[in-house]
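Reader: I have a model on my screen and want to learn how to read it. Can you take me through it feature by feature?

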Amino acid sequence: MKNKKLLIISTLILMLSLSACSNNKSNSNEITATPMITESVPTESGSSSNKVSDTKITENKEDVDKMTKEKEGETGTKLLDNENEVGTNTVDKENEPTTSVTDSTVSVQKLTTYYEGIGTLDDNYEFATSYIDAITSKEQISNYAKAHNLTEYEVADLSGMECYLIIPKYETTTIKVELFTDFEHTNIETILDSDKPVFVLCNPSDICSNVQITVSYDDMSFAFSPYLSLKDGTAILPEYANPKM
């Protein structure tokens with residue numbers, strides 16, 4: 001009986017030991033699981049989020065911010081480079097020599113050698129003209145030209161008894177002589193066009209003029225028909241013509 005009691009006591013001790021070991025193992029498992037529970041962090045919405053995921057999201061956000069700053073830095077550098085380039089181009093443009101533009105339709109007028117001694121470039125006349133008395137033929141015109149050192153000239157003979165001399169003032173001047181072929185002045189014929197002094201023999205009748213003389217230079221033109229006044233015999237000439245010959 002004594003041995004039997006010892007066996008029962010030993011069996012109870014063994015069972016208590018096994019029970020204690022089982023409890024220790026259970027407690028150990030609970031302690032191990034605790035960190036996983038504490039790692040779960042509640043969010044404002046009430047749901048839980050994992051710290052590992054938050055760490056990854058934070059790392060990704062930092063990478064994005066870093067990339068954004070790098071892009072902004074590159075953009076700022078490009079903008080600065082562009083501004084420097086624009087500034088350089090502006091300075092280069094300012095240093096370029098200016099080019100003057102001259103209107104080709106406007107020319108600087110020069111005085112002809114024919115007009116020298118008659119007038120000046122600044123006078124108020126466009127050309128010179130005068131009536132030459134007592135000249136009714138080409139031979140008389142030749143003698144007159146020699147006496148006045150006029151080596152270049154042309155003659156428009158319209159079968160008249162009056163002689164007029166037209167002197168161009170500017171080197172670009174042209175003188176056109178036209179003949180009216182009827183008393184109504186409806187028909188006109190060009191006799192000559194010249195840039196030299198012109199003698200005109202015209203007006204076979206004292207009733208009206210049979211000639212039209214047009215003096216032109218650049219875009220200016222002046223037309224007139226000279227004749228002698230029936231009242232006092234003076235030559236009727238335009239005011240814009242220099243009579244001092």
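Author: Start with one strand pair. I175 in β6 has S194 in β7 as its bridge partner. Keep in mind that this is a predicted model.

Reader: How many bridges join β6 to β7, and in which sense do they run?

Author: There are 6 bridges between β6 and strand β7, residues 188–194, and the two run antiparallel. β6 also pairs with β9, again antiparallel, over 6 bridges. In that second pairing, E178 of β6 stands opposite Q212 of β9.

Reader: Is β6 mostly covered or mostly open?

Author: To judge that, count buried residues. Buried means under 20% relative accessible area. In β6, 5 of the 7 residues are buried, so the strand is mostly covered.

Reader: Now the whole chain. What does its secondary structure come to?

Author: The protein chain has 3 helices and 13 strands. Of its 245 residues, 25% are buried. Look at contact separation too. Among contacts with a separation of 6 or more, 64% link residues 24 or more positions apart.

Reader: How do I read a sheet? Which strands form the open one, and in what order?

Author: Follow the pairings from strand to strand. Here 5 strands give the order β4-β8-β5-β3-β13, and the pairing is mixed. β4 and β13 are the edge strands, as each pairs on one side only.

Reader: Take β3. What pairs with it on each side?

Author: On the β5 side, 5 bridges join the two strands, which run antiparallel. T129 has I166 of β5 as its bridge partner. With β13, residues 241–242, the pairing is parallel, over 2 bridges. Two residue pairs show the match: F127 stands opposite A241, and A128 stands opposite N242.

Reader: Why is β3 largely enclosed by the rest of the structure?

Author: Count again. β3 covers residues 127–131, and 4 of its 5 residues are buried, so the rest of the structure largely encloses the strand.

Reader: Next, the nonpolar cores. Which residues have the most contacts inside the largest one?

Author: Look for buried nonpolar residues joined through their side chains. The largest nonpolar core has 20 residues, and I166, V177, V200 and I213 have the most contacts inside it. At least two residues of this core come from each of β5 (162–168), β6 (174–180), β8 (198–202), β9 (211–217) and β10 (220–224). β9 gives the largest share, 4 residues.

Reader: What does I213 touch?

Author: Leave out residues up to four places away in sequence. I213 then touches I166, I175, K176, V200, F222, A223, F224 and P226. Apart from the largest core lies another core, of 15 residues. A128, I135, I141 and C163 are among them.

Reader: And pockets? How much space lies in the largest pocket, and which residues line it?

Author: Read the volume, then the lining. The largest pocket holds about 220 Å³ of space. Its lining consists of Y114, I118, Y144, H148, N149, L150, T151, E152, L165, I167 and M245. By type, the lining divides into 7 nonpolar, 3 polar and 1 charged.

Reader: Last, the loops. Which residues have a positive phi although they are not glycines?

Author: Check the backbone angle, then the place in the chain. A134 has a positive phi of about 70° and is not a glycine. A134 sits in the loop between β3 and α3 (138–147). S159 also has a positive phi, about 60°, and is not a glycine. S159 lies in the loop between β4 (154–157) and β5.

Reader: Why do A134 and S159 count as exposed?

Author: The cut-off for exposed is over 50% relative accessible area. A134 has 57% relative accessibility, so it counts as exposed. S159 has 59%, so S159 counts as exposed too.

Reader: Where is E239 found?

Author: E239 is in the loop between β12 (235–236) and β13. At 76% relative accessibility, E239 counts as exposed. Now compare sequence with space. E239 and E126 are 113 residues apart along the chain, and their C-alpha atoms are separated by 9.6 Å.

Technical notes
Residues are numbered from 1 along each chain as its sequence is written. This is a predicted model: local features need pLDDT of at least 70, side-chain atom pairs count only at pLDDT 80 or more; totals for chains, interfaces and linings use all residues. Side-chain values use heavy atoms; hydrogens and water are left out. A nonpolar core is a set of buried Ala, Val, Leu, Ile, Met, Phe, Trp, Tyr and Cys residues joined through side-chain atoms within 4.5 Å. Buried means under 20% relative accessible area, exposed over 50%, partly exposed in between (1.4 Å probe, protein chains only). Contact means heavy atoms within 4.5 Å. Two strands pair if DSSP finds at least two bridges between them. On a 1 Å grid over the protein atoms alone, a cavity is a set of points where a 1.4 Å probe fits but cannot get out, and a pocket is an open set with protein on both sides within 12 Å along at least five of seven lines; lining residues have an atom within 4 Å of a point. Grid points are joined across faces, edges and corners, and a volume is the space filled by probe spheres set on the points. Ala, Val, Leu, Ile, Met, Phe, Trp, Tyr, Cys and Pro count as nonpolar, Asp, Glu, Lys and Arg as charged, and the others, Gly among them, as polar.
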